Amino acid sequence: LVAGEVLRMRCSKPLKQVAWHYKGDYLTTLAPTANTKAVLIHQLSKLQSQNPFTKSKADAQKVLFHPNKPFLLVATKKHVKVYNLTKQTLAKSLIGGFKSLSGMDIHPAGDNVICSSYDRRLSWFDMDLSTKPYKTMRYNNTGLRSVAYHKRLPLFAAGGEDGMVYIFHGMVYNDLMENPLIVPLKRIHAHKCDGYDGVIDLAFHPTQPWLLTCGVDNSIRLFTEA
């Protein structure tokens with residue numbers, strides 16, 4: 001390994017998000033103000049970038065690679081669109097009745113998606129079951145800003161504009177006839193709120209049952225099982 005900077009990419013517009021492909025050779029960038037180049041896919045081994053879309057994705061809120069299929073998930077303000085990158089077609093569109101979607105994550109097994117929204121919705125989609133939510137929850141008095149699955153443990157969490165974090169048990173079974181089990185576990189006052197924003201983003205540790213959050217109060221906090 002070479003110490004220091006290995007690669008630098010210059011983008012035409014400010015980036016909102018970067019997401020890695022599970023194999024590590026690809027990453028996708030989201031720059032909503034870049035119009036038709038809002039979503040780009042970059043291949044590191046070939047030092048190439050490609051634009052998978054011809055239409056503008058200015059309303060995109062988040063992009064993610066599917067963990068085991070050649071799919072790209074693009075969350076817009078009202079839907080989650082699942083694109084087949086091999087066939088270059090729209091595979092399905094997840095419809096949750098959102099007014100303004102804010103966050104999205106996909107379960108490591110690849111069949112379930114959770115979304116958060118500014119209109120206080122936390123929706124769980126089972127993509128094998130339906131394009132509509134398997135379950136929608138409202139646990140917040142204000143909007144939700146972000147949501148995340150744990151990559152190894154049956155946990156997921158959502159962060160709110162009021163500074164609260166909600167942690168859930170979310171078990172996905174190998175038996176396709178068995179519905180996911182969702183149980184609320186804990187509510188944490190993680191960050192101060194400035195009246196509009198509280199929790200900005202959150203992420204689980206890749207192996208430990210630890211949760212990292214960042215907030216509008218200029219702090220990053222680590223919560224453990226203790």
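Let's start with Ser219. Ser219 sits in the loop between β18 and β19. This is a predicted model, so keep that in mind throughout. Is Ser219 buried or exposed? Ser219 counts as buried, because its relative accessibility is 17% and the cut-off for buried is under 20%. Its side chain has polar partners. One is the side chain of Asp217, in a polar contact of 2.8 Å. Another is the side chain of His191, in a polar contact of 3.1 Å.

Now the sheet around that loop. Three strands make an open sheet, ordered β17-β18-β19, with antiparallel pairing. β17 and β19, residues 220–223, are the edge strands, and each pairs on one side only. On average, neighbouring strands here are turned by 20° against each other, direction ignored. Look at β17 and β18. β18 covers residues 211–215, and five bridges join β18 to β17 in the antiparallel sense. Which residue of β18 is the bridge partner of Asp201? That partner is Cys214.

A word on pairing in general. Strands of a sheet pair through backbone hydrogen bonds, either parallel or antiparallel.

Next, the four-stranded sheet. The order is β9-β10-β11-β12, open, and the pairing is antiparallel. At the edges are β9 and β12, residues 135–137, each of which pairs on one side only. The average turn between neighbouring strands of this sheet is 15°, direction ignored. β11 spans residues 122–126 and runs antiparallel to β12, with three bridges joining the two. Trp124 stands opposite Lys135 of β12.

Stay on β12 for a moment. Thr136 is in this strand. Thr136 has 36% relative accessibility, so Thr136 counts as partly exposed. How far apart are the C-alpha atoms of Thr136 and Ile41? They are separated by 31 Å, and the two residues are 95 apart along the chain. Keep Ile41 in mind; that residue comes back with the pockets.

On to β14, residues 155–160. This strand is mostly covered, with six of its six residues buried. In a regular strand, side chains alternate between the two faces of the sheet. In β14, Leu155, Ala157 and Gly159 point one way. Phe156, Ala158 and Gly160 point the other way. Both sets are buried.

β14 has partners on record here: β13 and β15. With β13, the pairing is antiparallel over five bridges. Val147 stands opposite Ala158 of β14. β13 and β14 form a hairpin, with five residues between them. With β15, residues 164–171, β14 again pairs in the antiparallel sense, over five bridges. Leu155 stands opposite His169 of β15. The hairpin of β14 and β15 has three residues between the strands. Which residue takes a positive phi in that hairpin? Gly163 does, with phi near 90°.

Now β1. Its faces differ in cover: Gln17 and Ala19 are on the covered face, Val18 and Trp20 on the uncovered one. β1 pairs with β2, residues 26–30, in the antiparallel sense over four bridges. Gln17 stands opposite Leu30 of β2. Five residues lie between the strands of this hairpin, and Gly24 takes a positive phi near 90°.

Gln17 leads us to the pockets. What is the volume of the largest pocket? About 860 Å³. The largest pocket is lined by 32 residues, and the closest to its centre are Gln17, Lys62, Leu64, Met104 and Asp105. Which strands supply at least two lining residues each? They include β1 (17–20), β5 (62–65), β9 (101–106), β13 (144–149) and β17 (199–204). So several strands we have met return here: β1, β9, β13 and β17. By class, that lining has 18 nonpolar, eight polar and six charged residues.

Then the second largest pocket, at about 390 Å³. Of its 20 lining residues, Ile41, Pro52, Asn84, Leu85 and Thr86 are the closest to its centre. There is Ile41 again. The elements giving two or more residues to this lining are β7 (79–84) and β8 (89–95). The lining has eleven nonpolar, seven polar and two charged residues.

Key. Residues numbered from 1 in each chain as written. Predicted model: local features only at pLDDT ≥ 70, side-chain atom pairs only at ≥ 80, totals over all residues. Heavy atoms only, no water. 1 Å grid on protein atoms, 1.4 Å probe; cavity = no way out; pocket = protein on both sides within 12 Å on 5 of 7 lines; lining within 4 Å. Points joined across faces, edges and corners; volume = space filled by probe spheres on them. Nonpolar A, V, L, I, M, F, W, Y, C, P; charged D, E, K, R; others polar. Pairing = 2+ DSSP bridges. Axes fitted to C-alpha atoms, helices over the stretch in contact; angles between N-to-C directions. Buried < 20%, exposed > 50% of the residue type's maximum accessible area, 1.4 Å probe, protein only. Polar contact = N/O pair within 3.5 Å; in protein donor to acceptor, adjacent residues only side chain to side chain.
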